[in-house]
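Student: Got a minute to go through this one with me? I'd like to start with one strand and work outwards.

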Amino acid sequence: MPKKTKPQRNTLLVHAGEPKPRIGGAVVLPVFQSSTFEYDGQSSYHDLKYIRLNNTPNHQTLHAKLAAVEQAEAALVTGSGMAAISTTLLTVLKAGDHLLIQKGLYGGTQDLVTTELPALGIEVSFFDGDRPETWESQLRSQTRAIYVESMSNPLLDIPDLAAVVSFARQHGLVSLIDNTFPSPVNFRPCALGFDLSLHSATKYLNGHSDIVAGAVIGSRPLVDKVLHRLNHLGGSLDPHACFLFHRGVKTLELRMRQHNASALAIATYLESHDGVEKVYYPGLASHPRHARAKELFDGFSGMLSFELAGGAEAADHLFRRLQFPAVAPSLGGVETLITRPATTSHAGMSPEARREAGIGDGLIRLSVGIEDAADLIADLEQGLGIS
Ligand SMILES: *Cc1c(COP(=O)(O)O)cnc(C)c1O
């Protein structure tokens with residue numbers, strides 16, 4: 001008899017959380033398209049079976065699967081990545097509290113913390129994720145939580161994540177991280193010591209650009225608190241979206257391996273191209289956070305950006321000629337997407353603020369899909385060529 005070993009991630013993605021015995025014998029969990037369920041003696045509001053209370057079989061299966069693959073006790077799916085982020089912040093913070101948050105955030109989060117939180121009496125300060133020696137001076141007696149992103153958009157900077165965990169522990173803060181870009185395949189924040197890991201499941205977790213969803217992953221008591229807040233705020237995920245998410249997440253590791261390998265191949269190719277001034281990809285030895293990424297992550301994800309020597313004009317030229325990448329925002333799907341942050345994610349910033357953040361007019365962001373890397377490289381080669 002072979003020794004019984006712990007199931008590995010590909011196995012967990014397929015089997016974790018699946019109902020045993022299978023419901024009606026169905027090999028694939030059906031969609032429970034029922035808003036309400038028969039009363040079964042529940043004594044708490046949160047235990048009544050109802051779609052908004054996030055407890056249909058479609059929700060519960062996903063919760064168990066996500067917790068297993070990110071090596072945490074519990075998980076919760078939400079109606080969007082922003083529902084995961086806003087509900088979590090409103091769970092750990094109340095009027096009078098103070099939040100420490102990393103500079104250079106995802107735009108939606110940036111807007112949320114600079115407009116909605118202050119209106120609710122929650123104060124926010126931005127810190128430099130690379131300079132732990134400056135964090136203590138920003139602490140206040142009302143500081144309750146610290147928030148970072150595992151990889152920044154679009155320059156793929158990686159803050160000092162180990163320092164964030166120890167700083168939070170030392171000062172009794174709840175540590176929160178947006179882990180959308182690496183996905184659980186490349187990085188598992190709770191294993192490093194983060195309290196809660198948040199995802200836009202719209203991206204890699206679902207992976208097929210066909211739903212909007214989010215996830216909150218962490219310890220059982222904290223996830224339960226967020227769940228109760230979500231039950232009140234109402235940002236629950238529809239069962240049909242749960243079904244698509246469930247179908248998509250089973251191939252997460254297969255997809256991530258291809259994203260990781262192709263992005264590294266493309267970044268290496270771009271770095272050798274005369275028309276490309278600079279490439280930002282943490283898998284390249286030239287990236288300022290390469291050593292940190294190698295230490296923390298199992299892979300470098302499918303996101304990269306690059307600056308063309310010819311600026312915005314060269315970018316337009318490239319976009320017109322490319323055959324495979326779609327010019328579209330968002331990321332993490334099977335198809336390659338390309339954007340120019342100066343006109344999309346960072347269009348709201350002034351040109352000076354953009355320059356200061358290192359986002360030039362010719363900067364291009366690529367979400368590398370699962371197409372064959374050789375085809376994507378050949379396409380870039382013809383696209384970057386002279387017309
Ligand atoms: C897309 C994204 C979000 C927001 O997620 P939605 O699913 O669009 O609500 C949050 N954080 C990061 C890093 C993202 O890329």
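Student: Which way do the side chains of strand 2 point?
Tutor: This is a predicted model, and in it H98, L100 and Q102 point one way from strand 2 while L99 and I101 point the other way. Both sets are buried.

Student: And why is strand 2 called largely enclosed?
Tutor: Because 5 of the 5 residues in 98–102 are buried, strand 2 is largely enclosed by the rest of the structure.

Student: OK, what does strand 2 pair with, parallel or antiparallel?
Tutor: The pairing is parallel, with strand 3 (residues 123–127), over 5 bridges. If you want a place to look, H98 has E123 as its bridge partner in strand 3.

Student: Switching topic: what's the strand order in the open sheet?
Tutor: The order is 8-9-12-11-10, so to speak, reading across the 5 strands of that open sheet. The pairing there is mixed.

Student: Which strands stand at the edges?
Tutor: Strand 8 (276–280) and strand 10 (326–327) do. Each has a single partner strand, so one side of each is left without a neighbour in the sheet.

Student: How many bridges join strand 10 to strand 11?
Tutor: There are 2 bridges, and strand 10 runs parallel to strand 11 (residues 337–339). Across that pair, A326 stands opposite L337 in strand 11.

Student: Now D160. Where is D160 found?
Tutor: D160 sits in the loop between strand 4 (143–149) and helix 5 (161–171).

Student: What does D160 touch, leaving out residues up to four places away in sequence?
Tutor: G129, D130, P132, W135 and R292.

Student: What about D128, how far is that from D160?
Tutor: Their C-alpha atoms are separated by 9.6 Å, with D160 and D128 lying 32 residues apart along the chain.

Student: Let's zoom out. How many helices and strands are there?
Tutor: The protein has 14 helices and 12 strands. Its radius of gyration is 21 Å, close to the 21 Å from the globule rule for 387 residues, so the protein is as compact as a globular protein of that length.

Student: What share of the residues is buried?
Tutor: Of the 387 residues, 52% count as buried. As for contacts with a separation of 6 or more, 73% come from residues 24 or more positions apart.

Student: And what about the exposed area and the charges?
Tutor: About 16900 Å² is exposed, with carbon and sulfur atoms supplying 53% of it. The protein carries 34 positive and 40 negative side chains, and the centres of those two sets lie 7 Å apart.

Key:
Residues are numbered from 1 along each chain as its sequence is written. This is a predicted model: local features need pLDDT of at least 70, side-chain atom pairs count only at pLDDT 80 or more; totals for chains, interfaces and linings use all residues. Side-chain values use heavy atoms; hydrogens and water are left out. Helices (H or I, at least four residues) and strands (E, at least two) are DSSP runs, numbered from the N terminus. The radius of gyration is taken over C-alpha atoms; the globule rule is 2.2 Å times the number of residues to the power 0.38. Buried means under 20% relative accessible area, exposed over 50%, partly exposed in between (1.4 Å probe, protein chains only). Contact means heavy atoms within 4.5 Å. Accessible areas come from the Shrake-Rupley method with a 1.4 Å probe; for residues, only the protein chains shown count as cover. Lys and Arg count as positive and Asp and Glu as negative; His and the chain ends are not counted. The place of a charge is taken as NZ of Lys, CZ of Arg, CG of Asp or CD of Glu. Two strands pair if DSSP finds at least two bridges between them.
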